[in-house]
Amino acid sequence: MKILITGGNGYLGQRIVKELNYKGHEIVLLILNNSNTEMFKNLKNISFLSTSDEDIKKACTQQIDVILHLATSYGRCKEGSEKVVQSNYLFPLKILENAINNNIKYFFNMDTAIQKLVNEYAITKKQFKEWGYYYGEQGKIRFINMKSEHFYGPFDNNVKFIANMLNKLKSNTPYIETTLGEQERAFIYIDDLVQAILYIIEYEIKNKKLEFTEYEIGPDNNTKIKDVLLIMKKLTKSQSDIKFGAIPYRKNEEMKSECDNSKLKSLGWSQTVLRFEDGIKKILMEEGKK
């Protein structure tokens, strides 16, 4: 297949691109100008286009079979609301509309399990999903929404919660302020997330009906944020003092993640990293090699 991918040079995207390329698929990446593509230098059948309107139109006329939208802006680097809206809503909407105009049948969207009104990131992700639902139910495209729980892994971006906290603990930051930590979250290891996405793509491209469908990607069990931090502190042997309750909960804080992964499991997918503690051990081992 010929697959158009956004966010292919990101933390998740790099892994997906390499797996799909290894399986023999031709990859077209939409990336920002001056982006680093060094990680793809040994791959064959891969090409690059910018995220400009012109290149989006050009990409969608290249006999694309599947679009995989992975690009995202978390809004954690002071990007501002306009940038978050552009990245998570307007940019993919432009691709979606071009896909429909060029009769591309499959659009796979990486969504978040975070509830809509928790932050700007979640709002914009849900707004785009609603357009996918609308066009799917209109019979204009098969829109496959992949709602992922919090994923983590080695060498992740420090703006992400697990990576940020782990780095603080490893460096023995004297005081780490956090909420009471009673929130329950479902954390999925990066390798398990990658395999889940591949399972979904392989299954869904056999389905010809143009409609909206959704998968929830996550583990079977939740872990409290407080336990997450205490596990990481124990495994890093950190001397940091974690100040639970020093920060209030956000307005509209989600206290418990709800993930129904039964539909995904019916495809044959299963977790390889069953416990959060095992995932952190893998991270420490991998990062310790460098």
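Two strands count as paired here if DSSP finds at least two bridges between them. Keep that in mind as you move through this predicted model.

**Start with the first pair of strands**

Select residues 2-6, which form strand 1, and then residues 26-30, which form strand 2. These two strands run parallel, and five bridges join them. Now click on K2: across from this residue, in strand 2, stands E26.

**Widen the view to the sheet**

Next, colour the strands of the sheet that this pair belongs to. What is the order of its seven strands? Reading across, you meet 3-2-1-4-5-6-11. The sheet is open, and its pairing is parallel. To find the edges, select 46-49 for strand 3 and 212-217 for strand 11. Each of these edge strands pairs on one side only. Turn the sheet so that you look across the strands, and follow the twist, which averages 20° from one strand to the next.

**Add two helices**

Select residues 120-137 to bring up helix 4. Which strands does helix 4 lie across? They are strand 4 (66-69), strand 5 (106-112), strand 6 (142-148) and strand 11. Relative to strand 5, helix 4 runs at about 150°.

Then add residues 190-204, which make up helix 6. Helix 6 packs on the sheet as well, and it touches strand 4, strand 5, strand 6 and strand 11. Compare its direction with that of strand 11, and you will find an angle of about 155°.

**Zoom in on one serine**

Stay with strand 6 and select S148, which lies in that strand. Is S148 buried or exposed? Its relative accessible area is 5%, so S148 is buried; the cut-off for buried is under 20%. Show the neighbours next: leaving aside residues up to four places away in sequence, S148 touches M110, D111, T112, A113, I188, L193 and I217.

**Step back to the whole chain**

Zoom out until the entire chain is in view. Nine helices and 13 strands are there to be counted. The C-alpha trace spans about 55 × 40 × 40 Å along its principal axes. A compact globule of 290 residues would have a radius of gyration near 19 Å, and the chain agrees with this, having 19 Å.

Try colouring by burial: 49% of the 290 residues count as buried. For the surface, the chain exposes about 14500 Å², with carbon and sulfur atoms supplying 47% of that area. Finally, turn to the contacts between residues at least 6 apart in sequence: 79% of them join residues at least 24 apart.

Conventions
Residues numbered from 1 in each chain as written. Predicted model: local features only at pLDDT ≥ 70, side-chain atom pairs only at ≥ 80, totals over all residues. Heavy atoms only, no water. Helix = DSSP H or I, 4+ residues; strand = E, 2+ residues; numbered from the N terminus. Axes fitted to C-alpha atoms, helices over the stretch in contact; angles between N-to-C directions. Contact = heavy atoms within 4.5 Å. Rg over C-alpha atoms; globule rule 2.2 N^0.38 Å. Buried < 20%, exposed > 50% of the residue type's maximum accessible area, 1.4 Å probe, protein only. Areas by Shrake-Rupley, 256 points an atom, 1.4 Å probe, with all protein chains shown as cover.
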